[in-house]
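Q: Hey, got a minute to go through this one with me? I'd like to start with some helix packing and then move on to the chain contacts.

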Amino acid sequence: MEIKSSGWVKRVAALVVKDIKSELRTRYALNSLFMFALVTLVVVSFTLGPMGAEPRVHAVLLWIALFFSSMAGISRGIVQEVEKGTADALRLTVPAELVYVGKLIFNTCLLLIVNLLILLFYYFFMSPTGNGVGGVILVVMLGTISLSGASTLLSAMVARASLKGALLPVLAFPILLPALLSAVEVTQLAFKGRLLLDWGGDLQMLVFYPLILITASYLLFPLVWED
Amino acid sequence: MLVKYFLGLWMVLVIFAAFLYAPAAMGLGDYSRIIYFHVPMAWVGGVAYLVSMVYAIKYLQSENLHYDRLAVFNAEIGTLFTILATITGAIFARVTWGDYWNWDPRQTSIFILLLIYGAFFVLRSSLDSDGDRRARFSAVYLLFAFIAVPFLVFILPRVYASLHPEPIINVEGQLQMNTQMLIVLLASLAGFSGLYAWINQLYRRIVRLEDKGGEFDL
Amino acid sequence: MISELQLVLVVVLVGWVGIFLYLRKIDQRLSRLESNYDKKEWNETLH
């Protein structure tokens with residue numbers, strides 16, 4: 001199907017707006033994301049107790065919380081859509097590529113908002129030392145793009161499968177591992193406030209890997225979206 | 001058939017060579033001999049993944065479920081060899097560095113391969129309603145997951161080099177092996193590749209036979 | 001007595017021989033079935 005260059009921006013925007021409205025109404029994804037993150041943080045904070053932790057440990061814990069919460073949130077979103085049957089209507093009216101872009105944008109925005117909130121909560125519960133907050137925020141945002149870049153395609157597959165929610169982290173983890181490793185590495189630098197000084201391969205990874213993921217997802221999405 | 005007997009003999013020679021001809025490595029002693037089996041197993045595990053991907057692409061192009069079967073079979077073979085490689089690698093690690101598992105780049109890479117294979121089978125088992133959809137999704141996952149592989153190959157060594165000492169025999173990196181060891185390793189690699197090719201050929205023949213209406217029980 | 005090394009060698013050798021014989025058995029059975037089908041097809045094209 002041809003995508004008229006003037007038309008597609010409007011159509012994608014319409015898709016995103018529709019998803020946002022739906023989400024604001026039901027708040028399914030937001031709720032699961034939030035509860036998951038909260039529980040994780042509470043458990044971690046509780047068990048760690050008054051003992052502080054090194055920046056590296058904080059980086060790891062933060063990304064564990066972010067990873068699993070994001071998985072929980074995204075899988076809820078698209079599964080709900082398929083279950084409600086709106087997915088079929090979408091399939092008939094909108095070309096797959098546009099659906100993908102729309103979903104990608106929606107997922108990214110959703111995750112960005114929630115992950116930054118999780119970060120906020122992380123600071124509240126765990127009080128990591130170090131003054132590199134700006135750097136941490138940047139890394140979380142970059143990492144989040146990778147998370148949604150991988151998950152959007154995978155969630156379309158998961159929505160049709162029987163295990164649904166539990167399946168997404170299993171599928172996503174190997175693919176996201178390069179991004180996660182880099183994210184942890186860079187986050188711990190950021191906590192120490194040394195992010196910009198150490199522009200190593202890891203930060204570049206966080207910028208370029210999601211681009212590759214998104215490109216591949218864009219190409220592969222029609223295969224898993226259309227019947 | 002003659003080729004296969006040759007393969008059989010070849011591997012017998014390789015086994016003898018691995019245990020008797022090749023010298024024991026400095027410091028590690030005879031336990032280093034596990035390398036002659038561990039490396040080829042990991043190699044076959046990786047090649048099998050590539051072959052699976054090729055069949056997956058062929059399926060996507062033709063929608064012929066045949067290719068799906070071949071892709072799955074190779075994934076199974078790949079998983080088997082990867083598991084064997086992980087186990088032999090763990091034994092080697094235990095002997096060399098004292099721990100069965102310490103997340104050094106080699107171990108992590110083989111483990112990631114195992115994770116990808118595992119995710120692949122979990123995906124398939126959760127999708128048995130529709131042969132075409134299952135085949136399509138499996139193919140897409142195989143391709144998508146492959147993206148991570150080259151990155152992991154480059155990222156991992158850097159991340160963990162700072163934490164773990166270099167292994168005494170850096171098997172795939174610098175060739176600190178002497179010539180004898182190298183010969184045995186290459187010979188073993190060839191032998192395992194031949195074994196893999198044979199197994200593949202047998203499976204393709206089984207599938208072809210079943211197509212014609214024959215039945216084949218193992 | 002046999003050293004540990006030699007013991008492992010023997011075990012691996014036996015293991016390989018076992019695998020080889022197993023694969024060979026499958027191979028031979030396949031060859032037989034294949035030639036049967038070839039004969040059938042040949043007969044059918046003749047008639």
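A: Sure. In α6(A), the residues G135(A), V136(A), V139(A), G143(A), S146(A), L147(A), A150(A), S151(A), L154(A), S155(A) and V158(A) meet a set from α7(A), namely L167(A), L168(A), L171(A), A172(A), I175(A), L176(A), A179(A), A183(A), V186(A), T187(A), A190(A) and F191(A). Keep in mind that this is a predicted model.

Q: What classes of residue make up the contact of α6(A) with α7(A)?
A: There are 17 nonpolar and six polar residues in that contact, and no charged ones.

Q: And at what angle do α6(A) and α7(A) pack?
A: About 175 degrees, and their axes are 9 Å apart. Angles over 145 degrees count as roughly antiparallel, so α6(A) is roughly antiparallel to α7(A).

Q: OK, on to the chains. How many residues of chain A are in contact with chain B?
A: 26 residues of chain A, and they contact 24 residues of chain B. On the chain A side, α6 (133-160), α7 (167-191) and α8 (201-225) each supply at least two residues.

Q: Which of them gives the most?
A: α7(A), with eleven residues. By class, the side of chain A that touches chain B has 21 nonpolar, three polar and two charged residues.

Q: What about chain B with chain C, how many residues does the contact take from each?
A: It takes 14 from chain B and 14 from chain C. On the chain B side, α1 (2-21) and α7 (179-211) each supply at least two residues, and α1(B) gives the most, with six. That side of chain B divides into eight nonpolar, two polar and four charged residues.

Q: Switching to the core: which residues touch the most other members in the largest nonpolar one?
A: M157(A), A71(B), L123(B) and Y141(B), out of 124 residues in that core. α7(A) gives the most to this core, with 16 residues.

Q: What is A71(B) in contact with, leaving aside neighbours within four places in sequence?
A: S52(B), Y55(B), A56(B), Y59(B), S138(B), A139(B) and L142(B).

Q: Last one, E63(B). What's its phi?
A: Near 60 degrees, a positive value in a residue other than glycine. Most residues other than glycine have a negative phi.

Q: Where is E63(B), then? And is E63(B) buried or exposed?
A: E63(B) is in the loop between α2 (35-62) and α3 (65-97) of chain B. E63(B) counts as exposed because it has 12 other C-beta atoms within 10 Å, and the cut-off for exposed is 12 or fewer.

Methods:
Residues numbered from 1 in each chain as written. Chains lettered and ligands numbered in written order. Predicted model: local features only at pLDDT ≥ 70, side-chain atom pairs only at ≥ 80, totals over all residues. Contact = placed C-beta atoms within 7 Å. Helix = DSSP H or I, 4+ residues; strand = E, 2+ residues; numbered from the N terminus. Nonpolar A, V, L, I, M, F, W, Y, C, P; charged D, E, K, R; others polar. Buried ≥ 20, exposed ≤ 12 C-beta atoms within 10 Å, placed from the backbone. Core = buried A, V, L, I, M, F, W, Y, C linked by C-beta atoms within 7 Å. Axes fitted to C-alpha atoms, helices over the stretch in contact; angles between N-to-C directions. Parallel < 35°, antiparallel > 145°, perpendicular 65-115°, else oblique.
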